[in-house]
Amino acid sequence: MAPPLEHGEHISGTTRRSLLAGVAALGALGAAGCSRVATASTTRGGELLDRLRAAGVVRLGIAGEIPFGYIDKNGDLTGEAPELAKVIFKRLGVDRVQPVPTEFGSLIPGLNSQQFDVVAAGMYVTPERCEQVIFADPDYQMLDSFIVRKGNPKGLHNYKDVVAKKAKFATGTGYAEIGYAVEAGYKESDILIVPDQVAGLNAVEAGRVDVFAGTALTTREVVKKSAKAEATKAFTPTVDGKPHIDGGAFAFRRTETNLRDAFNVELRKLKKSGELLRILKPFGFTRAEMTDLTAKELCGG
């Protein structure tokens, strides 16, 4: 697979995940973010940070997806990326964040057409995207995990196990896990495609499939109240025969290296102090999702 797909991304590379809860509230806030930001500076490294400080507000492109960036039932902006943005931009002298809801596939085009200042949606860093935007270093990493029946009766711990034991396999619409399973030797036409991890849990509980594949975070959260299913230990999928770990980060226009660099300085401080985990923990992130990966590594050097 080249480049590796992000969780929920269509094979064409146009979207990432199916939109989850929070989408219904997007319309109410969409109008607030429909106007475009000021034209990008031609100054080397960009002057956007100075302009954001003067305005006192930064516009965040979000995709209405739990737990990455969404509007909650009270109409408030939250999620791992917006909450992190609130902390970092306040340290940079920008007191307010304003959501600009859009579909995931429109985030990069919207950023580059200056509809908002930064993508704050837990976007995976891929070489393909690195040709269109610049990324901060990842604020989290993500491994895969399976939803299986209690006790994992078939002993499924990775995609090779699924193939070897001829397990009935399911994953979500457009998920990267489709590609990971196919690379391991599973026939794509035999994969049961369901809308999301909740549907995947239901399929496992009902015995329609032996296993559902998703990210470690989403599988871990969705099985918490299940009496019939459990999540396996997180593992690293294989891409082109090598272990592959995804990392999610904030994205900026390619001209705005000054803002990206300033953001990275504050992000590194939060990582070093342990404050980053405290910010992300309410959204299901654990120490296993903390990372020292860099954007340069994930962009391919």
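In the predicted model, six bridges join strand E1 (residues 57–62) to strand E4 (residues 96–101), and the two strands run parallel. Within this pairing, Gly 61 of E1 has Val 100 as its bridge partner in E4. Strand E1 is also joined to strand E5 (residues 118–124), again in parallel, through two bridges, and here Gly 61 stands opposite Val 119. Six of the six residues of E1 are buried, so the strand is largely enclosed by the rest of the structure. This holds for both of its faces, since Val 57, Arg 59 and Gly 61 point one way and Val 58, Leu 60 and Ile 62 the other way, and all are buried.

The chain as a whole contains twelve helices and 15 strands, and 54% of its 301 residues count as buried. Among contacts between residues at least 6 apart in sequence, 73% join residues that are at least 24 apart. The exposed surface of the chain amounts to about 13100 Å², of which carbon and sulfur atoms supply 51%.

A further set of five strands forms an open sheet of mixed pairing, in the order E10-E9-E11-E8-E12. Strands E10 (192–194) and E12 (229–231) stand at the edges, each with a single partner strand, so that one side of each is left without a neighbour in the sheet. From one strand to the next, the twist averages 25 degrees. Edge strand E12 runs antiparallel to strand E8 (residues 144–149), to which three bridges join it, and in this pairing Arg 149 stands opposite Ala 229. Helix H7 packs on the sheet, where it touches E8, E9 (169–172), E10 and E11 (211–215), and its direction makes about 150 degrees with that of E9. Helix H8 (residues 197–205) likewise packs on the sheet, touching E8, E10, E11 and E12, with a direction about 35 degrees from that of E8.

Helix H7 (residues 176–184) is mostly covered, with seven of its nine residues buried; these are Ala 176, Glu 177, Ile 178, Gly 179, Tyr 180, Ala 181 and Ala 184. Just after the helix, Gly 185 takes a positive phi of about 115 degrees.

Helix H9 (residues 216–222) contains Thr 219, a residue that is buried with a relative accessible area of 0%. The side chain of Thr 219 reaches the backbone oxygen of Ala 216 at 3.2 Å. When neighbours within four places in sequence are left aside, Thr 219 is in contact with Ser 145, Ile 147, Gly 214 and Ala 231.

Phe 135, in strand E6 (residues 134–135), counts as buried because its relative accessibility is 2%. Apart from residues up to four places away in sequence, the residues touched by Phe 135 include Met 123, Tyr 124, Val 125, Phe 250, Arg 260 and Ala 295. Phe 135 and Tyr 124 are eleven residues apart along the chain, and their C-alpha atoms are separated by 9.5 Å.

Ten salt bridges are present in the structure. In one of them, the side chains of Asp 137 and Arg 268 meet at 3.3 Å, N to O. Asp 137 lies in the loop between E6 and strand E7 (140–142), whereas Arg 268 belongs to helix H10 (residues 257–273), so the pair ties together parts that are 131 residues apart in sequence. The two partners differ in their burial class, as Asp 137 counts as buried at 11% relative accessibility, while Arg 268 is partly exposed at 47%. Asp 261 forms a salt bridge with Arg 260, with the closest N and O atoms 2.8 Å apart; Asp 261 is partly exposed, at a relative accessible area of 37%, and Arg 260 is buried, at 18%. The side chains of Lys 224 and Glu 221 also meet in a salt bridge, at 3.2 Å, N to O, in which Lys 224 is exposed with a relative accessible area of 58% and Glu 221 is partly exposed with 31%. In addition, Arg 91, Glu 266 and Lys 269 are linked in a network of salt bridges.

How values were computed
Residues are numbered from 1 along each chain as its sequence is written. This is a predicted model: local features need pLDDT of at least 70, side-chain atom pairs count only at pLDDT 80 or more; totals for chains, interfaces and linings use all residues. Side-chain values use heavy atoms; hydrogens and water are left out. Helices (H or I, at least four residues) and strands (E, at least two) are DSSP runs, numbered from the N terminus. Buried means under 20% relative accessible area, exposed over 50%, partly exposed in between (1.4 Å probe, protein chains only). A polar contact is a pair of N or O atoms within 3.5 Å; within protein, one must be able to donate a hydrogen and the other to accept it, and residues adjacent in sequence count only if both atoms are side-chain atoms. Contact means heavy atoms within 4.5 Å. Two strands pair if DSSP finds at least two bridges between them. Axes are lines fitted to C-alpha atoms, for helices over the stretch in contact, and angles run from 0 to 180 degrees between N-to-C directions. Accessible areas come from the Shrake-Rupley method with a 1.4 Å probe; for residues, only the protein chains shown count as cover. A salt bridge is a side-chain nitrogen of Lys or Arg within 4 Å of a carboxyl oxygen of Asp or Glu.
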